[in-house]
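Thank you all for making the time this morning. I would like to take you through one protein model, beginning with the overall picture and then turning to a handful of individual residues.

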Amino acid sequence: MHAIDLVIFAVYMLLMLGVGFFFLKKNKNTDDYYVGGRTMSPWHVGLSVVATDVGGGFSIGLGGLGFTMGISGSWMLFTGLIGAWLAAVVLIPKVSKLSQDLNLLTFPQIFGHHYNKHVALLAGIISAIGYLGFTSSQILAGAKLASASFVELDMNMALIIMGVIAIVYTVMGGMKAVIYTDTIQWIILMSGLVFIGLPLGYTAIGGYGAIEQTLSADYLSMTNLSWQTFVNWGITIIPIWFVGMTLYQRIYSCKSEKDAKKAWFIAGLFEWPIMAFMGVLLGLFARVGAEQGMFEHLGYETVASLDAEMGLPLLLRTVLPVGLMGLMMSAYFSAIMSTADSCLMAASGNLLTDVFGKYFHVNKSDKSILRTSQVLTLVVGVAALILATYMKNVLELMLYSYAFMVSGLFVPILVALFIKNSSSLAAFSAMLTGGVVTLVLILTSTELPFDLDANIYGIAASALVFFTVNTVRKNRR
């Protein structure tokens, strides 16, 4: 990378750290740190939601899908639009009212309100583990991008650099820093993709004619996927809008129910079609470039030798001129950090409030609790960085993290919000069953009927256990 690009990139990173330092002095208590003082505007929150949900992991992951299957990969984020709009209509009216009444800080506190403290504790543990994995996926995405962009940088060093930057400004600034930097980062990413990445990538590979000559027609078809794949994406991604701690924190940070709904509608539209097609098209361009031998000088002589998720960053590194390379890299690192910071906040919030709350909150001042929050955020960040060193595939790690959270939390939260007087034992048993079933199926690589994902069976097991235990408890009364 040229010195000019390095300067642009370094200035951007310093600006992000500056935002964190600015809000370090502004945060007075845990309300400020975890939910932005409950005063955030819908546009800031909406852009933060989509930046967090799509982020760098899905950006790099979508590039990988475009590389392997073409524009049909965009259907993955169509499930994000469905989830966002469903949550706006069904979930937000109930959660926003609860937040105002109870001053909620975390998602598992809802379980404590509807069930009991043991259920809330387990929900906090499941959520914290899930977001630990999700944070790792973002750090890994950043490392892949960095190692493809900087010739001298190996993957492990890239992991350390990306992890340290994301962790430091999140620890300092809390939710306000996260939401404001998300807004900045999303604007940079969208501008970079629209005005730099897509047109230069399209021109470099030779335009539409080159795409038609190089790839099969399947790559330009919207039906180049199986129904099982679409169902797996839907069952994994749609429910996360109902169990995602990062999303609940943003509902709590809005001034009103109306503002929260507006933010979710904004987020859905940015997910699909805008971001979905941008990501897969860049991945498709990278596939054409790889087939043409564009990356041979970088050591990738065949398509088979190239990790699909590395195609997009290699394309950008190859086609972008001096100056624009620094801007585009800043755009993608923006997306990655916008998700990593939110996941860090979610996991540390779970630990502080839901898992260790009774130890950290007793006879402590707001300032002391705030410092504890920052220490926990640092600990979670370091753990996520260590986990990232053992993983290889960004999208796989993200979907595994989603699957674990969804299978454990989805059924109990729906019952809590829409069915009265349900058993706490039923909720606890269902959460434990769903999470364990999914985890065991994933870790053992069990072949499942109909090629459906493990979390579908985890959700089914969770529902079966919940309603069985709940029925038995009612019959005993």
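What follows is a short walk through this structure, from the whole chain down to single sites.

Please keep in mind throughout that this is a predicted model. The secondary structure of the protein chain consists of 19 helices and zero strands. As to overall dimensions, the C-alpha atoms fill a box of roughly 70 × 55 × 40 Å when it is taken along the principal axes. The radius of gyration is 22 Å, and this agrees with a compact globule, because a globule of 477 residues would be expected to have a value near 23 Å.

The contacts and the burial can be taken next. Of the contacts in the protein chain with a separation of 6 or more, 85% are made between residues 24 or more positions apart. Of the 477 residues in the chain, 61% are buried. The accessible surface comes to about 18000 Å², and carbon and sulfur atoms account for 66% of that area. Turning to charge, there are 26 positive and 25 negative side chains, and the centres of these two sets lie 19 Å apart.

Now to the cysteines, where one may ask how many disulfides a search of the whole structure finds. The search finds zero, and Cys254 in particular is in no disulfide, its nearest cysteine sulfur being that of Cys343, 18 Å away. Seen from the other side, the closest cysteine sulfur to Cys343 is the one in Cys254, and at 18 Å it is too far for a bond. Cys254 counts as buried because its relative accessibility is 6%, and Cys343 is buried as well, with a relative accessible area of 1%.

Let me move on to two helices, H11 and H14, and the residues I picked from them. Gln249 has its place in helix H11, which covers residues 245-253, and Gln249 counts as buried, since its relative accessibility is 0%. The C-alpha atom of Gln249 is separated by 9.4 Å from that of Gly349, although the two residues are 100 residues apart along the chain. Asn350 lies in helix H14, residues 324-355, and Asn350 also counts as buried, at 0% relative accessibility. What does Asn350 touch, leaving aside its neighbours within four places in sequence? Its contacts are Thr106, Pro108, Gly124, Ser127, Ala128, Met245 and Val355.

Finally, a few points of backbone geometry, for which the background is that most residues other than glycine have a negative phi, and most peptide bonds are trans. The peptide bond from Trp272 to Pro273 is cis, with omega near 15°, and Pro273 lies in helix H12, which runs over residues 257-291. Asn103, a residue other than glycine, has a positive phi, near 55°; Asn103 is found in the loop between helix H4 (75-102) and helix H5 (108-114), and with a relative accessible area of 49% it is partly exposed. Phe450 likewise has a positive phi, in this case near 65°, and Phe450 sits in the loop between helix H18 (424-443) and helix H19 (454-476). Is Phe450 buried or exposed? Phe450 counts as exposed, because its relative accessibility of 59% is over the 50% cut-off.

That is where I will stop, and I am happy to return to any of these sites in the discussion.

Notes
Residues are numbered from 1 along each chain as its sequence is written. This is a predicted model: local features need pLDDT of at least 70, side-chain atom pairs count only at pLDDT 80 or more; totals for chains, interfaces and linings use all residues. Side-chain values use heavy atoms; hydrogens and water are left out. Helices (H or I, at least four residues) and strands (E, at least two) are DSSP runs, numbered from the N terminus. The radius of gyration is taken over C-alpha atoms; the globule rule is 2.2 Å times the number of residues to the power 0.38. Buried means under 20% relative accessible area, exposed over 50%, partly exposed in between (1.4 Å probe, protein chains only). Contact means heavy atoms within 4.5 Å. Accessible areas come from the Shrake-Rupley method with a 1.4 Å probe; for residues, only the protein chains shown count as cover. Lys and Arg count as positive and Asp and Glu as negative; His and the chain ends are not counted. The place of a charge is taken as NZ of Lys, CZ of Arg, CG of Asp or CD of Glu. A disulfide is a pair of cysteine sulfur atoms within 2.5 Å.
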